[in-house]
Amino acid sequence: QVQLVESGGGLVQAGASLRLSCAVSGRTFSAYAMGWFRQAPGKEREFLATINWSGRLTYYADSVKGQFTIDRDNANNTVYLHMNSLKPEDTAVYYCAASAGGVARRADGYEYWGQGTQVTVSS
């Protein structure tokens with residue numbers, strides 16, 4: 001089995017930056033494409049970013065291009081989401097996910113999910 005654990009969320013002021021981490025264990029990390037999603041209360045899960053097994057291919061949602069950056073450290077079995085210029089509308093639970101089938105923009109393209117980490121941005 002593959003286990004994913006997100007960390008790095010918290011309460012920040014508008015304009016702040018955060019780096020979320022997703023630690024992966026159980027199987028070979030580099031075999032999976034990784035993605036980040038978020039979900040706010042009353043809303044469906046929203047795609048943010050994805051990165052392929054090598055880290056050389058990335059895709060971003062239009063809403064976060066230039067604001068968020070995804071990268072990975074295969075030696076440490078960790079994927080990151082760097083978030084800059086945070087706004088109150090970025091408040092959500094952020095989820096990391098793993099896909100054996102390559103990069104994907106839909107939640108149903110991922111087989112494994114973390115428990116989520118809360119990000120709250122105050123004004």
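## A tour of the salt bridges

Start by selecting Lys-87 and Asp-90: they form a salt bridge, with their closest N and O atoms 3.9 Å apart. A salt bridge here means a side-chain nitrogen of Lys or Arg within 4 Å of a carboxyl oxygen of Asp or Glu. Before you click on, know that this is a predicted model, where local features need pLDDT of at least 70, side-chain atom pairs count only at pLDDT 80 or more, and totals for chains, interfaces and linings use all residues. Residues are numbered from 1 along each chain as its sequence is written, and side-chain values use heavy atoms, leaving out hydrogens and water.

Now turn on the surface. Is Asp-90 buried or exposed? Asp-90 is buried, at a relative accessible area of 2%, while Lys-87 is partly exposed at 30%. (Buried is under 20% relative accessible area, exposed is over 50%, and partly exposed is in between, using a 1.4 Å probe and protein chains only.)

Keep Asp-90 and add Arg-38. Their side chains meet in a salt bridge too, at 2.9 Å from N to O. Asp-90 sits in the loop between strands S8 (78–83) and S9 (92–99), and Arg-38 is in strand S4 (residues 33–39), so this pair ties together parts 52 residues apart in sequence. Strands are DSSP runs of E, at least two residues, numbered from the N terminus. Arg-38 is buried, just like Asp-90.

Add Glu-46 and Lys-87 to the selection: with Arg-38 and Asp-90, they are linked in a network of salt bridges.

Last stop: Arg-106 and Asp-108. Their salt bridge has its closest N and O atoms 3.3 Å apart, and both residues are exposed. In total, the count is five salt bridges.

Conventions. Helices (H or I, at least four residues) and strands (E, at least two) are DSSP runs, numbered from the N terminus.
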